[in-house]
Amino acid sequence: SRESEMADEAPEPQAEPQAPRLPAVLGTEEDLKLLLPLLTRLVNGLDDEKEREAMDRVSIWILRLSKHVPGDPSSPTPRIRLSRFLLDEVASRRLSEAELAFVIAHEFGHRLRRLGQVESDRYAVQLIQRAGYAGQAAVTFLEKRDDLMRKAEAAGVSALADTTAQPGVDAKAERTVTTQERINAVKEFLRKTSQPPAAPAPDQA
């Protein structure tokens, strides 16, 4: 019958795309409202399937990060810790969402690829760009970083963000990199990666 023919011709329903696996966020409802859209963009920007699959095994803890509350480097759980101070700076618009995305992406570089400081900056620049943020946010954050740290330390905060359980990276053996060196390295990386291809040389007569 015509009805059966139409049923045979009907297209098969398309499977709905799976929601990205996101890190667990341990914080307030306001923290979730701020972080979940940002994390969704970052996870969608990951270009490595294994890294995307590992996301639901990562947790992000919102803490005061007081000098009197040390982390647990022996913990087997991958934890990225963000300071309450850092999120307050974003809420007050002294830091942008893109700058916060750079900070988190930098910690992803430590956690997912066991990268050192400068390498994590480069990784973070590429990730935030794939997530739709401007790579220049890395520069603007780093230019504010030293003033932020002085303000944070005055409030008893020991770090803006850090990563615990980071196998493969020996923090003591890693050379100390100044903020200015990081700024210079990011600017050079942006210059190289955003440089348009050279135009072909005109034919010689």
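Let's start at Ala 101, a residue in helix H5. Leaving out residues up to four places away in sequence, Ala 101 touches Leu 38, Leu 42, Ile 128 and Tyr 133. Is Ala 101 buried or exposed? With a relative accessibility of 0%, Ala 101 counts as buried. Keep in mind that this is a predicted model. There's also a distance to look up in the viewer: the C-alpha atoms of Ala 101 and Ala 138 are 9.0 Å apart, while 37 residues separate the two along the chain.

Right next to Ala 101 in the numbering comes Phe 102, and this one has a ring to look at. How many aromatic pairs does a search of the whole structure find? Just one turns up. Phe 102 and Phe 141 make up this pair, with 6.0 Å from centre to centre and 50° between the planes, and it counts as tilted. Phe 102 belongs to helix H5 (residues 97–113) and Phe 141 to helix H7 (residues 136–154), so the pair ties together parts 39 residues apart in sequence. Both rings sit on buried residues: Phe 102 has a relative accessible area of 1%, and Phe 141 has 4%. If you're wondering about those two numbers for the pair, a couple of aromatic rings is described by the distance of the centres and the angle of the planes.

Tyr 133, already met as a contact of Ala 101, has a ring with a different kind of partner. The charged end of Arg 41 sits over the Tyr 133 ring, at 3.9 Å from the ring's centre.

**The overall layout**

Now zoom out a bit. The chain has eight helices and four strands. Reading from the N terminus, the elements go α-β-α-α-β-β-α-α-α-α-β-α. Of the 205 residues in the chain, 40% are buried. What share of the contacts with a separation of 6 or more comes from residues 24 or more positions apart? The share is 66%.

**How the strands line up**

Strand E2 is a good place to look, as it has partners in both E1 and E3. E1 and E2 pair in the parallel sense, over three bridges. In this pairing, Ala 24 stands opposite Ser 59 of E2. E2 also runs parallel to strand E3 (residues 79–83), and five bridges join the two. One of the residues to find here is Trp 61, whose bridge partner in E3 is Arg 81.

Then there's strand E4 (residues 161–164), home to Thr 163. This threonine is buried, at 13% relative accessible area. Its side chain makes a polar contact with the side chain of Glu 107, at 2.4 Å. Setting aside neighbours within four places in sequence, the contacts of Thr 163 are Arg 79, Ile 80, Glu 107, His 110 and Arg 111.

**Salt bridges**

How many salt bridges does the structure hold? The count is 17. Here are some of them:

| Salt bridge | N to O distance |
|---|---|
| Asp 56 and Arg 21 | 3.8 Å |
| Lys 33 and Glu 30 | 3.6 Å |
| Glu 89 and Arg 94 | 3.1 Å |

Take the pair of Asp 56 and Arg 21, whose side chains meet in a salt bridge. Asp 56 lies in the loop between helix H3 (49–54) and strand E2 (59–63), and Arg 21 in the loop between helix H1 (2–9) and strand E1 (24–26), so the pair ties together parts 35 residues apart in sequence. Asp 56 is partly exposed, at 43% relative accessible area, and Arg 21 is partly exposed too, at 42%.

Lys 33 and Glu 30 tell another story. They are three residues apart in helix H2 (residues 29–45), so about one helical turn separates them. Lys 33 counts as exposed at 57% relative accessibility, and Glu 30 is exposed as well, with 52%.

In the third pair, which partner is buried, and which is partly exposed? Glu 89 counts as buried, with 4% relative accessibility, whereas Arg 94 counts as partly exposed, with 44%.

Salt bridges can also link up into a network. Asp 47, Glu 51, Arg 113 and Arg 130 are joined in this way.

Technical notes
Residues numbered from 1 in each chain as written. Predicted model: local features only at pLDDT ≥ 70, side-chain atom pairs only at ≥ 80, totals over all residues. Heavy atoms only, no water. Salt bridge = Lys/Arg side-chain N within 4 Å of Asp/Glu carboxyl O. Buried < 20%, exposed > 50% of the residue type's maximum accessible area, 1.4 Å probe, protein only. Polar contact = N/O pair within 3.5 Å; in protein donor to acceptor, adjacent residues only side chain to side chain. Contact = heavy atoms within 4.5 Å. Phe/Tyr/Trp six-rings, centres within 6.5 Å; stacked < 30°, edge-to-face > 60°. Lys NZ or Arg CZ within 6 Å of the ring centre and 35° of its normal. Pairing = 2+ DSSP bridges.
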